[in-house]
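Student: I would like to learn how to read salt bridges and burial in a model like this one. Could you take me through it?

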Amino acid sequence: MQNPSLPRLLLLSFTLTSVFNQVLGDEGFCSAPSILDQTDSSSKPLYWKVTSPTLSPSHLQDLPGFTRSVYRRDHALITPESHVFSPLPDWTNTLGAYLITPAIGSYFVMYLAKMQENSRSGLPPNDVERLIFVTQGAVTLTNSSGISNKLVVDSYAYLPPNFDHSLKCDGSATLVVFERRYAFLDNHITEHIVGSTDKQPLLETPGEVFELRKLLPASMPYDFNIHVMDFQPGEFLNVKEVHYNQHGLLLLEGQGIYRLGNSWYPVQAGDVIWMAPFVPQWYAALGKTRSRYLLYKDVNRNPL
């Protein structure tokens with residue numbers, strides 16, 4: 001004789017399985033890795049979650065009006081579902097999303113450039129320096145002397161102010177671009193630099209546990225630097241920073257909690273943060289994988 005409760009148990013099991021799959025399957029709204037998730041992250045390209053974040057715009061299409069982005073007087077969190085792409089001025093076949101600009105209160109510009117087939121960059125305005133960092137694909141950088149360098153994921157180039165150059169892409173590529181009007185100093189000149197993160201030495205971080213690399217020299221000619229900071233799960237900043245420097249941040253890998261002012265924000269790969277001078281700031285890495293972020297910082301100039 002059939003157990004009368006069996007159909008109800010089967011229905012309950014099916015319902016729970018469906019809900020479980022919706023929540024954890026395809027990494028949905030639960031950004032923490034699951035032991036049931038069989039996706040092999042090691043087979044994915046480096047920084048793949050910058051362009052395919054766990055909580056992507058497609059996950060939010062059934063939540064009209066919802067965004068994780070926040071704008072405050074002294075900080076902003078700009079998340080992928082809020083990025084607005086349009087043709088980049090003076091670039092060809094390239095879409096750009098300006099994420100941080102002087103309109104927000106910054107002294108620099110930070111944007112994403114999505115280069116398509118047969119695309120080419122434009123030049124920044126006069127006296128503006130530029131740093132590009134590749135998060136997807138590859139581009140060819142050529143200077144006025146005809147010297148070319150191929151830039152792949154995790155590589156970068158610093159272009160001094162008024163330095164003639166062009167970027168060309170034959171397939172597709174995503175770049176993070178920082179630009180700033182250079183603060184000239186007498187008898188100091190910056191140099192064209194091409195490099196990659198893995199070739200930069202680990203630097204000492206007294207009192208801290210994170211790993212630090214700097215993409216530019218620490219010498220006086222350079223008025224900003226880009227830090228690459230790595231945190232293992234559970235690691236956090238010991239110093240609750242409050243300082244005169246501005247920051248622009250892109251989380252390249254991982255997830256965590258960022259304190260900005262009196263607010264605490266869950267963040268994940270693909271998120272961008274602007275930090276104004278003197279806003280209290282602190283980060284802790286969560287999840288099961290490394291957190292890595294790219295951080296703009298103005299340096300070597302008197303605040304006056």
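Student: Is Arg 290 buried, partly exposed or exposed?

Tutor: Remember first that this is a predicted model. To place a residue, look at its relative accessible area: under 20% is buried and over 50% is exposed, with partly exposed in between. Arg 290 has a relative accessible area of 27%, so it is partly exposed.

Student: Which residue does Arg 290 meet in a salt bridge?

Tutor: The general idea is to look for a side-chain nitrogen of Lys or Arg within 4 Å of a carboxyl oxygen of Asp or Glu. Here the side chain of Arg 290 pairs with that of Glu 253, at 2.5 Å from N to O. Glu 253 belongs to strand S15 (residues 247–253), while Arg 290 sits in the loop between strand S19 (281–286) and strand S20 (291–298), so the salt bridge ties together parts that are 37 residues apart in sequence. Glu 253 has a relative accessibility of 17%, so this partner counts as buried.

Student: Which residues are linked with these two in a network of salt bridges?

Tutor: The network links Glu 253 and Arg 290 with Asp 154, Arg 213, Asp 230 and Arg 292. Within that set, Arg 213 and Asp 230 form a salt bridge with an N to O distance of 3.5 Å. Arg 213 is in strand S13 (residues 211–214) and Asp 230 is in strand S14 (residues 224–231), so this pair connects parts 17 residues apart in sequence. Both Arg 213 and Asp 230 are buried.

Student: How far apart are the closest N and O atoms in the salt bridge of Arg 130 with Glu 179?

Tutor: They are 2.8 Å apart. Arg 130 comes from strand S6 (residues 128–137) and Glu 179 from strand S11 (residues 173–181), so the pair ties together parts 49 residues apart in sequence. Check burial for each partner: Arg 130 is buried at 1% relative accessibility, and Glu 179 is buried too, at 12%.

Student: How many salt bridges does a search of the whole structure find?

Tutor: The search finds 10.

Student: And what does the whole chain look like in terms of helices, strands and burial?

Tutor: Its secondary structure consists of two helices and 20 strands. Of its 304 residues, 46% count as buried. For the sequence range of contacts, take those between residues at least 6 apart: 68% of them join residues at least 24 apart. Finally, the accessible surface comes to about 15600 Å², and carbon and sulfur atoms account for 56% of that.

Technical notes: Residues numbered from 1 in each chain as written. Predicted model: local features only at pLDDT ≥ 70, side-chain atom pairs only at ≥ 80, totals over all residues. Heavy atoms only, no water. Helix = DSSP H or I, 4+ residues; strand = E, 2+ residues; numbered from the N terminus. Buried < 20%, exposed > 50% of the residue type's maximum accessible area, 1.4 Å probe, protein only. Contact = heavy atoms within 4.5 Å. Areas by Shrake-Rupley, 256 points an atom, 1.4 Å probe, with all protein chains shown as cover.
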